[in-house]
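Please look through the sequence and the model below, and then follow the account, which moves from pairs of charged side chains to helices, a surface patch and a few loop residues.

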Amino acid sequence: MKYYIVIPAHNEQDLIGLTLQSLVSQTVLPSKVVVVNDNSTDKTEEVVLSFAKENPYISVVNKTSDAIHMPGSKVIQAFQKGFETLDSDYDIIVKIDGDLIFPPNYFETIIKHFESDPKIGMVGGFCYIDKNGEWILENLTDKDHIRGALKAYRKETYQQIGGLKPAMGWDTVDELLCKYYDWKIVTDESLHVKHLKPTGANYNKTARYKQGEAFYTLGYGFWITAIASAKLAMMKKKPFLFLDYIKGFMKAKSAKTPLLVTPEQAKFIRNYRLQKMKQKLI
């Protein structure tokens, strides 16, 4: 199976080389790697070009955008720009961040999962962060969720879910739509990926409300949002974030912000979320 990778990158000169080195060291190499240099003011492009010289399947695309780092929209717009430069001769499309180090067998293992069952639509490993010299699991989500930093999609799945949405919540709605269309999602705990910059390290202040807005646009409704907000705030060990999330939800509701899903999909998502919550209580 052929896989293509798109890497949105903004000021990653210190880390993108480590990511690319781990990609060119894979036991099964990618057919194409596009790095989208998104408004970088450092030497990100130069680092990528030095890899592209030795590895012709690596290319760089330059993009201009706002310097403010807002979760979701900026990164997916950059991904989209890279994706548009690719042909359709792939089996798996991968979106990764430019601050990861993959084990050499990562993509070989991902491909094996996809080959094992035609109903598997998404596959991913787990992100680990450095804490006092020890690599520990970056514990922000459930074990059955694939982190936005390392998403791999079967081509047919990617097309059926309508690609990636340029909004916060894109890395949740993709999985919910996978479930809606009856695709399986596989997370492989044996695949440890080093995440060199903890999630959200660069988000600005207004991003705090974006999470609540994302819950609204996923069609969660108030009560599921309240439970999800409380859980996330506790996981981040910042209980006051709960209020920011609720404020964000209410702001989106009063502004009648468009949903990322159809009414039918939103209903499916609410039922699915409630079912998952009940399972955890039993």
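With which residue does Glu138 form a salt bridge? In this predicted model, the partner of Glu138 is Arg147, and the closest N and O atoms of the two residues are 3.2 Å apart. Glu138 is buried, its relative accessible area being 8%, and Arg147, at 8% relative accessibility, counts as buried too, since the limit for that class is under 20%. Elsewhere, salt bridges that share partners link Lys151, Asp174 and Glu175 into one network. A search of the whole structure finds 13 salt bridges, and two further examples are worth following in detail.

The pair formed by Glu12 and Lys197 is a salt bridge in which the closest N and O atoms are 3.0 Å apart. Glu12 sits in the loop between β1 and α1, while Lys197 sits in the loop between β9 (184-195) and α7 (207-217), so the pair ties together parts of the chain that are 185 residues apart in sequence. Glu12 is buried, with a relative accessible area of 9%, whereas Lys197, at 22% relative accessibility, counts as partly exposed. The surroundings of Glu12 can be read from its contacts: leaving aside residues up to four places away in sequence, Glu12 touches Asp42, Thr44, Gly98 and Asp99 as well as Lys197.

The salt bridge between Lys112 and Glu108 has another setting, with its closest N and O atoms 3.2 Å apart. Both residues belong to helix α4 (residues 106-116), where they are four residues apart, or about one turn of the helix. Glu108 counts as partly exposed, at 27% relative accessibility.

The helices can now be taken up through their buried residues. Helix α10 runs over residues 263-281, and its 19 residues reach 27 Å from the first C-alpha to the last, close to the 27 Å expected at 1.5 Å a residue. Within α10, the residues Gln265, Ala266, Ile269, Tyr272, Lys276 and Met277 are buried. They cover an arc of only 135 degrees around the axis, which puts them on the same side of α10. On the other side of α10, Pro263, Glu264, Lys267, Lys278 and Leu281 are exposed. The cover over the buried residues of α10 includes α6 (170-180) and α8 (222-235).

Helix α3, which spans residues 73-83, has among its buried residues Lys74, Val75, Ile76, Ala78, Phe79, Gly82 and Phe83. What do the buried residues of α3 pack against? The elements concerned are the strands β1, β2 (32-38), β3 (58-63) and β4 (92-96), together with the helices α5 (155-160) and α6.

Helix α8 also leads to the surface, by way of Phe222, which lies in that helix. Phe222 joins Trp223 and Met250 in making a nonpolar surface patch of about 360 Å². With a relative accessible area of 33%, Phe222 is partly exposed.

Some loop residues complete the account. Tyr181 is placed in the loop between α6 and β9, and with a relative accessible area of 27% this residue is partly exposed. Not counting residues up to four places away in sequence, Tyr181 touches Lys119, Gln160, Ile161 and Gln265. Gln265 is one of the buried residues of α10, and Ile161, although 20 residues from Tyr181 in sequence, is 7.9 Å from Tyr181 in space, C-alpha to C-alpha.

Two other loop residues deserve attention for their backbone angles. Asn39, in the loop between β2 and α2 (44-54), has a phi near 60 degrees, a positive value in a residue other than glycine. Lys256, which is found in the loop between α9 (241-254) and α10, has a phi near 50 degrees, again a positive value in a residue other than glycine. As to accessibility, Asn39 is partly exposed, with a relative accessible area of 23%, while Lys256 is exposed, with a relative accessible area of 70%.

Definitions and conventions: Residues are numbered from 1 along each chain as its sequence is written. This is a predicted model: local features need pLDDT of at least 70, side-chain atom pairs count only at pLDDT 80 or more; totals for chains, interfaces and linings use all residues. Side-chain values use heavy atoms; hydrogens and water are left out. Contact means heavy atoms within 4.5 Å. The expected span of a helix is 1.5 Å times one less than its number of residues. Buried means under 20% relative accessible area, exposed over 50%, partly exposed in between (1.4 Å probe, protein chains only). The arc is that of the directions from the helix axis to the C-beta atoms. A salt bridge is a side-chain nitrogen of Lys or Arg within 4 Å of a carboxyl oxygen of Asp or Glu. Patches are made of residues with over 30% relative accessible area and no salt bridge: like charges are joined within 9 Å, nonpolar side chains (Val, Leu, Ile, Met, Phe, Trp, Tyr) within 5 Å. Accessible areas come from the Shrake-Rupley method with a 1.4 Å probe; for residues, only the protein chains shown count as cover.
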